[in-house]
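Subject: Structure handover

Hello,

I am passing this structure on to you. Please open it first, then read the notes underneath.

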Amino acid sequence: MHAKHFSFPNFSSNMISSATLTFLIFLLLISANTSDSSPESFVYLGCSQLKYNPNSPYQSNVNSILASLVNSASFANYNSFKNAFPASVPDQAVLYGLFQCRGDLTNPGDCHDCVADAVSRLGALCVGASGGALQFDGCYVRYDNVSFLGAEDKTVVYRKCGPSTGYGSDLSTRIDGVLGYLAGSGQYFRVGGSGNLKGYAQCTQDLSMSECQDCLSEAIQRLRSECGSAAWGDMFLGKCYARYSERGYTPDNGNDDEIEKTLAIIIGLIAGVSLLIFFLSCLSKFFDTKGGK
């Protein structure tokens with residue numbers, strides 16, 4: 001699999017054109033202002049510390065199983081695979097892979113695009129790792145040489161709570177009601193709401209329904225106890241998650257303010273570097289007119 005990447009021009013001259021500067025800023029704006037409601041909104045990433053050798057049979061197997069996940073996402077919201085190394089390879093091992101799209105992504109194209117983007121990011125961010133997992137807002141992708149398919153995992157991998165609204169408030173009461181509904185719904189993907197408050201819960205479909213219920217009960221209990229008075233909350237365990245927010249899937253967690261600050265700093269740095277290059281270029285031309293003296 002090949003990771004997506006941006007190719008920047010090679011600046012060999014002393015001057016940087018305004019068109020090039022605009023191009024750079026435009027790319028930064030595109031990468032920084034990804035819509036919070038997009039299925040490709042990033043949640044968390046994990047990479048195995050164990051590495052494999054480049055151009056090895058293991059790398060070929062990683063590429064193969066990740067390609068299988070992307071292809072399968074064209075017509076399904078969930079699938080899992082395991083690939084064995086060729087028999088000619090000593091110390092044979094098995095590679096496992098899984099993807100799970102959010103239950104309401106009923107358009108196969110949305111699921112496929114999300115999984116394809118996740119696989120691309122894994123290739124770029126977990127270079128040479130024997131295993132990796134990436135959670136987007138709309139899909140989850142994982143591969144590893146250690147068997148995890150069908151195994152319940154209630155380890156907390158990501159947790160985040162919004163600002164407190166205070167216990168006993170109207171929102172706190174509605175949150176408790178929504179989480180209670182999610183805990184009692186017997187589905188792999190669960191949705192509940194109260195007014196503009198929405199809650200979502202899901203587990204990977206390699207689990208049995210009883211294991212799914214057990215995992216989601218743990219996630220919802222933790223979410224209620226640790227974020228129950230917050231305006232929004234996310235609780236992701238190894239094989240399931242529970243979330244609630246007044247803004248849908250992605251809560252207002254201050255990312256917009258951080259993006260604006262980051263863009264201001266980046267644009268300021270680019271402008272400063274451009275002025276410095278312009279000054280050096282003018283200085284060079286001045287010495288050129290003086291015969292290089």
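Below is what turned up, starting with the whole chain and moving on to its links.

Please keep in mind that this is a predicted model. The average pLDDT over the chain is 78. Of the residues, 68% score at least 70. Two stretches need care. Residues 1-36 stay under 50 in pLDDT, and the model gives them 42 contacts beyond four places in sequence. Residues 250-264 also stay under 50, with 18 such contacts. Where pLDDT is low, the predicted coordinates should not be read in detail.

**The chain as a whole**

The chain has 293 residues, and 40% of them are buried. Six helices and 10 strands make up its secondary structure. Take the contacts between residues at least 6 apart in sequence: 65% of these join residues at least 24 apart. The accessible surface is about 15,100 Å². Carbon and sulfur atoms account for 56% of that surface.

**Disulfides**

How many disulfides does a search of the whole structure find? It finds six. With the bonded cysteines numbered in sequence order, the pairing reads 1-5, 2-3, 4-6, 7-11, 8-9, 10-12. Here are three of the bonds.

- Cys101 and Cys111: the sulfur atoms are 2.0 Å apart. The link is right-handed, with 85° about the S-S bond. Cys101 sits in strand 3 (residues 94-101) and Cys111 in helix 3 (residues 108-125), 10 residues apart. Both cysteines are buried.
- Cys114 and Cys139: the sulfur atoms are 2.1 Å apart. The torsion about the S-S bond is about -90°, so this disulfide is left-handed. Cys114 belongs to helix 3 and Cys139 to strand 5 (residues 139-144), with their positions 25 residues apart in sequence. Cys114 and Cys139 are both buried.
- Cys203 and Cys212: the sulfur atoms are 1.8 Å apart. This link is left-handed, at -90° about the S-S bond. Cys203 and Cys212 are buried too.

**Salt bridges**

The count of salt bridges comes to 13. Three of them are described here.

Arg102 and Asp104 meet at 2.8 Å, N to O. Is Arg102 buried or exposed? Arg102 counts as buried, because its relative accessibility is 7%. Asp104 has 34% and counts as partly exposed. This pair also belongs to a network of salt bridges. The linked residues are Arg102, Asp104, Asp137, Asp234 and Arg243.

Glu226 and Arg159 form another bridge, at 2.4 Å, N to O. Glu226 lies in helix 5 (residues 209-227) and Arg159 in strand 6 (residues 156-161), so the pair ties together parts 67 residues apart in sequence. Both ends are partly exposed: Glu226 has a relative accessible area of 32%, and Arg159 has 41%.

Arg174 and Glu246 meet at 3.8 Å, N to O. This pair links distant parts of the chain, 72 residues apart. Arg174 is in helix 4 (residues 170-184). Glu246 is in the loop between strand 10 (240-245) and helix 6 (255-289). Arg174 is buried, with a relative accessible area of 18%. Glu246 is partly exposed, at 33%.

**Where to look**

To start, try the network around Arg102 and Asp104. Then turn to helix 3, which holds Cys111 and Cys114.

Best wishes

Definitions and conventions:
Residues are numbered from 1 along each chain as its sequence is written. This is a predicted model: local features need pLDDT of at least 70, side-chain atom pairs count only at pLDDT 80 or more; totals for chains, interfaces and linings use all residues. Side-chain values use heavy atoms; hydrogens and water are left out. Helices (H or I, at least four residues) and strands (E, at least two) are DSSP runs, numbered from the N terminus. Buried means under 20% relative accessible area, exposed over 50%, partly exposed in between (1.4 Å probe, protein chains only). Contact means heavy atoms within 4.5 Å. Accessible areas come from the Shrake-Rupley method with a 1.4 Å probe; for residues, only the protein chains shown count as cover. A salt bridge is a side-chain nitrogen of Lys or Arg within 4 Å of a carboxyl oxygen of Asp or Glu. pLDDT is the predictor's confidence in each residue, from 0 to 100. A disulfide is a pair of cysteine sulfur atoms within 2.5 Å.
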